[in-house]
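Me: Could you take me through one part of this model closely, the sheet and what packs against it? I'd like a connected account that moves outward from there.

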Amino acid sequence: MNTLIAKENVHEIPYVLDLLLNIGVRNWELFFLIKTGRGVEMNDLSPWECEDILLFLYEISSEINVRTVEAPFIRKIALQGALTRGGLYRELISVHMPRGEPSRLLPCPCEGRKPLE
């Protein structure tokens, strides 16, 4: 399942997650807005909001395979954690509390690669 993340819909992400889990979707690919084409009329998230949403996605990654596009910096969150947890993170996590341990590294490891120590 593919989902665009922009200022206009970021607050709906936990509800989309619940829907995907209820219908049995196993892979969720999220795209951060790049303001080109039809996207020029939409609004970007701030860097702090991006970090909040990535932290939320990392924490729910035990429930669904999360892949991000245009956001390779989710690996920083997976390896180091977020520096802060902002208001958007608290709002998202209050709607959907993760049900398990996050995966070690996102996206899912490739075949034949050794895990990070």
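**The sheet and its surroundings**

Reply: Strand 1 and strand 2 pair in the parallel sense, over 4 bridges; two strands count as paired if DSSP finds at least two bridges between them. Before going on, please note that this is a predicted model, in which local features need a pLDDT of at least 70 and side-chain atom pairs count only at pLDDT 80 or more, while totals for chains, interfaces and linings use all residues. Residues are numbered from 1 along each chain as its sequence is written, and side-chain values use heavy atoms, with hydrogens and water left out.

Helices (H or I, at least four residues) and strands (E, at least two) are DSSP runs, numbered from the N terminus. On that basis the chain has 4 helices and 3 strands, which follow one another along the sequence as β-α-β-α-β-α-α. The 3 strands form an open sheet in the order 1-2-3, with parallel pairing. Strand 1 (2-5) and strand 3 (65-69) are the edge strands, each pairing on one side only. From one strand to the next the twist averages 25°; axes here are lines fitted to C-alpha atoms, for helices over the stretch in contact, and angles run from 0 to 180 degrees between N-to-C directions.

Now for strand 1 itself. N2 stands opposite E29 in strand 2, and I5 has F32 of strand 2 as its bridge partner. The side chains alternate along the strand: T3 and I5 point to one face and are buried, whereas N2 and L4 point to the other and are not. Buried means under 20% relative accessible area, exposed over 50%, and partly exposed in between (1.4 Å probe, protein chains only).

Which strands do the helices lie across? Helix 1 lies across strand 1 and strand 2, running at about 160° to strand 2. Helix 2 lies across strand 1, strand 2 and strand 3, at about 175° to strand 2. Contact, in these descriptions, means heavy atoms within 4.5 Å.

Helix 1 has buried residues I13, P14, L17 and L20. Seen down the helix axis, they fall within an arc of 120°, so they line one face of helix 1; the arc is that of the directions from the axis to the C-beta atoms. On the other side of helix 1, Y15 and N22 are exposed. Just after helix 1, G24 takes a positive phi of about 85°. Leading into the helix, E12 sits in the loop between strand 1 and helix 1. E12 counts as partly exposed, at 46% relative accessibility, and its C-alpha atom is 8.5 Å from that of L92, although the two residues are 80 apart along the chain.

I5 takes us on to the core. The largest nonpolar core has 22 residues, and those touching the most other members are I5, W28, I53, F56, L57 and I60. Such a core is a set of buried Ala, Val, Leu, Ile, Met, Phe, Trp, Tyr and Cys residues joined through side-chain atoms within 4.5 Å. Helix 1 (13-22), strand 2 (27-32), helix 2 (47-59) and helix 4 (87-95) each give two or more residues to this core. The largest share, 6 residues, comes from helix 2.

Y89, in helix 4, is a good place to see how helix 4 meets helix 2. Y89 counts as buried, at 7% relative accessibility. Leaving aside residues up to four places away in sequence, Y89 touches D52, L55, F56 and E59. The C-alpha atoms of Y89 and W48 are separated by 9.6 Å, with their positions 41 residues apart along the chain.

Finally, a word on confidence. pLDDT is the predictor's confidence in each residue, from 0 to 100. The chain averages 77, and 65% of the residues score at least 70. Among the elements, helix 1 has the highest mean pLDDT (94) and helix 3 (residues 74-80) the lowest (67). Over residues 102-111 the pLDDT is below 50, and this stretch has 25 contacts in the model beyond near neighbours in sequence. Where pLDDT is low, the predicted coordinates should not be read in detail.
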